[in-house]
Amino acid sequence: MKLTRYSDYALRVSLYLAINQARLVQISEIVKVYGLPQGNIMKLTTDLVGAGFFESVRGRTGGIRLAISPSELTVGQIVRHTEGSQALVDCSSCILAPECGLICIMSEAKQAFFRVLDNYTFEQVIARNPKAIDILSLTGGE
């Protein structure tokens, strides 16, 4: 399964916020650190704030932060939200769709994919690669 760029960005931003959970983070900081398009990140953060994953504080000293502890927020929650409920394969125009056994297999594979992602919190992701803390905590807040 190939994730969309939207999911990729959501995971990057979530990881950044998890590492920098002790402070509010400005979107411009995330854009600069990762070299991402600001418009896309603005749209993404608005979506994730609306979904309850992030919190935002307005104003000159405002920013965003995780609304859920990194020890509770899973990779699966973010990816499930950003990827939605679309099927792995578009079977709508296939003559076999009503009788095809692949549809169930693809659904089972997608469920297994999300089960694996649900097993990992952002705290665990950070613990698996502690150098990410050095890279992402020092580059943005300067």
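Two strands count as paired if DSSP finds at least two bridges between them. I jot that down before anything else, as my look at this predicted model starts with its strands.

**Entry 1: the strand pair**

I looked up S1 and S2 and found them paired in the antiparallel sense, over four bridges. I then picked Ser 56 and asked which residue is its bridge partner in S2. The partner turns out to be Ile 64. Between the two strands of this hairpin sit five residues. I also noted Gly 59 in the hairpin, which takes a positive phi near 110°.

The hairpin has a salt bridge too: Arg 65 pairs with Glu 55, with 2.9 Å between the closest N and O atoms. Arg 65 belongs to strand S2 (residues 63–66) and Glu 55 to strand S1 (residues 54–57), so this pair ties together parts that are 10 residues apart in sequence. Buried or exposed, or in between? I get partly exposed for Arg 65, at 31% relative accessibility, and partly exposed for Glu 55 as well, at 33%.

**Entry 2: stepping back**

Time for the whole protein. I count seven helices and two strands. Reading from the N terminus, I get the order α-α-α-β-β-α-α-α-α. The C-alpha atoms fill a box of roughly 60 × 30 × 25 Å along the principal axes. Of the 142 residues, 32% are buried. I checked contacts between residues at least 6 apart in sequence, and 69% of them join residues at least 24 apart. The accessible surface comes to about 8800 Å², and carbon and sulfur atoms own 54% of that.

**Entry 3: more salt bridges**

A reminder to myself: side chains of opposite charge can pair when their charged atoms come close. How many salt bridges are there? The count is four, and I followed up two more beyond the hairpin one.

Arg 12 and Asp 8 meet through their side chains at 3.0 Å, N to O. Both sit in helix H1 (residues 5–19), four residues apart, which is about one turn of the helix. I find Arg 12 partly exposed at 26% relative accessible area, and Asp 8 partly exposed at 29%.

Next I looked at Glu 29 and Arg 23, whose side chains meet at 2.5 Å, N to O. Glu 29 is buried, with a relative accessible area of 11%, whereas Arg 23 is partly exposed at 28%.

**Entry 4: the cysteines**

I went looking for disulfides and counted zero. Why does Cys 100 have no bond to Cys 94? The closest cysteine sulfur to that of Cys 100 is the one in Cys 94, and at 6.1 Å it is too far for a bond; a disulfide needs the sulfur atoms within 2.5 Å. Cys 104 has its closest cysteine sulfur in Cys 100, 8.6 Å away, again too far. On accessibility, Cys 100 is partly exposed at 23%, while Cys 104 is exposed at 57%.

**Entry 5: a nonpolar patch**

Last stop, the surface. Which residues form a nonpolar patch there? My list reads Met 1, Leu 88, Val 89, Leu 102, Ile 105 and Met 106, with about 520 Å² of accessible area together. I followed Ile 105 a little further and placed it in helix H5 (residues 102–118). Ile 105 counts as partly exposed, at 49% relative accessibility, because the exposed class begins over 50%.

Terms used. Residues are numbered from 1 along each chain as its sequence is written. This is a predicted model: local features need pLDDT of at least 70, side-chain atom pairs count only at pLDDT 80 or more; totals for chains, interfaces and linings use all residues. Side-chain values use heavy atoms; hydrogens and water are left out. Buried means under 20% relative accessible area, exposed over 50%, partly exposed in between (1.4 Å probe, protein chains only). Patches are made of residues with over 30% relative accessible area and no salt bridge: like charges are joined within 9 Å, nonpolar side chains (Val, Leu, Ile, Met, Phe, Trp, Tyr) within 5 Å. Accessible areas come from the Shrake-Rupley method with a 1.4 Å probe; for residues, only the protein chains shown count as cover. Contact means heavy atoms within 4.5 Å.
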